[in-house]
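Visitor: I would like a close look at one part of this protein, the sheet and whatever packs around it. Could you walk me through it and then show me how the rest of the chain is held together?

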Amino acid sequence: MVLVLSATNVLLIVSGIIIQRKIRLCNQQKKKDIEESFRRNERLMERSVMALSNAIEAKDSYTSGHSRRVANYAREIARRMGKSEEEQRDIYHAGLLHDIGKIRVPDKIISKKGKLSDMEFECLKLHPVMSFSMLSGISDDGRIETATKYHHEHFDGTGYPEGLAGKAIPEFARILAVADTYDAMTSSRSFRNLFPQKFVRSEIEYQMGKQFDPEIAQVMLDMIDEDKDFTLKQKDDINKKILVVDDDVIAIKLVEFMLEDDRTLEITSVKTGEHCIKALEEYNFDLIILDIYLPDTDGFEVLDVIKEKCNTPVIFMSSDKNEETIARAREKGIKYYLVKPFLKQELAEALRDVFRYDLEP
């Protein structure tokens, strides 16, 4: 059978193909728009959570970094338990926010160096419920705020605020309970130094089935056993050295101002690429914040020299918003490109990523 197509039929077929292609392209664009919108929401969520976490730590100077460490430990426990990336992200956010209710606790109780009175302790015990109230609706399924509410419940039913026991305690809360207690024991306080690793391990082992879910506590014990050099602890007393390379004095002062409250950071600044290279020959830095346009050279050329000399991470900062420049930086392996003038939160987010705790086994 021979099929004869008229010009009209051919035109209709071609038109149909074109229409289908346009629909497909339109759908692809809609998908990209949706994905970009999702990424923007994710970034907004991250920044909001970080801002709240910073507010918690500003309230209590003696627990600086506590929420971030708890979040990291909790996420690693969840990863080892086989949780999805979404679940790992949610438990991380719950860890950052688990003490948000302390904002409503009087300063004299939060910052008290001695033992709390019975009345003061009862007031402090309200913070998980306050956290739940403040975070209500932050997650679609409620597991983030629920985790913050019940992270002081004990597996044997002796905890608070409701005396839940066993698997009646939400799983995320059971994970946070282990991570929170571990960090409390491995951090220095105004009234004591951190505990030795052997003691911390023995205490967690002793509390299996009492304070902690035995299965989750075992995951934490595995992490401790793998941590031969006792790196999973408070590191706030260890300074991170940052080299800022920029000929703009205002830009340097701005970075120094943004970071002045973080006592763990030591800032050094130079104005040229040549001075940057000389500084690297004399000192070891944990991070370099590099301007692209320097008086004597190009920031990309300085980056090449840095890579030849050391493995120090580099963050670009520049007033250049050109997409080609940003793309070139990405090709060079630059993860963070801060466009001047940038926000303190943008810089803080980059630093948290660069200096994050390495919990990989």
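Guide: Happily; let's start in the middle of the sheet, where Leu-290 stands opposite Phe-316 in β4. Before going further, please keep in mind that this is a predicted model, in which local features need pLDDT of at least 70, side-chain atom pairs count only at pLDDT 80 or more, and totals for chains, interfaces and linings use all residues. Residues are numbered from 1 along each chain as its sequence is written, and side-chain values use heavy atoms, with hydrogens and water left out.

Strands β3 (residues 287-291) and β4 (residues 314-318) pair in the parallel sense over four bridges. Here, two strands pair if DSSP finds at least two bridges between them. The element names follow DSSP runs numbered from the N terminus: helices are H or I runs of at least four residues, and strands are E runs of at least two.

The open sheet has five strands in the order β2-β1-β3-β4-β5, with parallel pairing. At its edges stand β2 (265-270) and β5 (337-339), each with a single partner strand, so one side of each has no neighbour in the sheet. From one strand to the next, the twist averages 20 degrees.

Now for the helices around the sheet. Helix α12 (residues 273-282) packs on the sheet and touches β1 (240-245), β2 and β3, and its direction makes about 160 degrees with that of β1. Helix α13 (residues 299-309) also packs on the sheet, touching β3 and β4, and its direction makes about 155 degrees with that of β3. Contact means heavy atoms within 4.5 Å; axes are lines fitted to C-alpha atoms, for helices over the stretch in contact, and angles run from 0 to 180 degrees between N-to-C directions.

Helix α11 (residues 249-259) has Ala-251, Ile-252, Val-255, Met-258 and Leu-259 buried. Buried means under 20% relative accessible area, exposed over 50%, and partly exposed in between (1.4 Å probe, protein chains only). Seen down the axis of α11, these buried residues fall within an arc of 130 degrees, so they line one face of the helix; the arc is that of the directions from the helix axis to the C-beta atoms. Their cover includes β1, β2, β3, β4 and α15 (344-354). On the other side of α11, Ile-250, Lys-253 and Phe-257 are exposed.

Charged pairs come next. A salt bridge is a side-chain nitrogen of Lys or Arg within 4 Å of a carboxyl oxygen of Asp or Glu, and by this rule the count comes to 21 salt bridges. One of them joins Glu-274 and Lys-278, with the closest N and O atoms 3.5 Å apart. These two are four residues apart in helix α12, so about one helical turn separates them. Glu-274 is partly exposed at 46% relative accessibility, and Lys-278 is partly exposed at 41%.

Another salt bridge brings together the side chains of Lys-309 and Glu-281 (3.4 Å, N to O). This pair links distant parts of the chain, with Lys-309 in helix α13 and Glu-281 in helix α12, 28 residues apart. Lys-309 is partly exposed at 43%, while Glu-281 counts as exposed at 55%.

Away from the sheet, Asp-183 and Arg-69 meet through their side chains in a salt bridge (2.5 Å, N to O). Asp-183 lies in helix α8 and Arg-69 in helix α2, so the pair ties together parts that are 114 residues apart in sequence. Asp-183 is buried at 0% relative accessible area, and Arg-69 is buried at 0% too.

Finally, the nonpolar cores: each is a set of buried Ala, Val, Leu, Ile, Met, Phe, Trp, Tyr and Cys residues joined through side-chain atoms within 4.5 Å. The largest has 29 residues, and those touching the most other members include Ile-77, Tyr-182 and Met-220. At least two residues each come from α2 (66-80), α3 (85-97), α7 (143-150), α8 (171-185), α9 (197-206) and α10 (214-226). Helix α8 supplies the largest share of this core, eight residues. Leaving aside neighbours within four places in sequence, Met-220 is in contact with Ile-77, Val-178, Tyr-182 and Ile-204. A second, separate core of 21 residues includes Val-270, Ile-288, Phe-300 and Ala-329.
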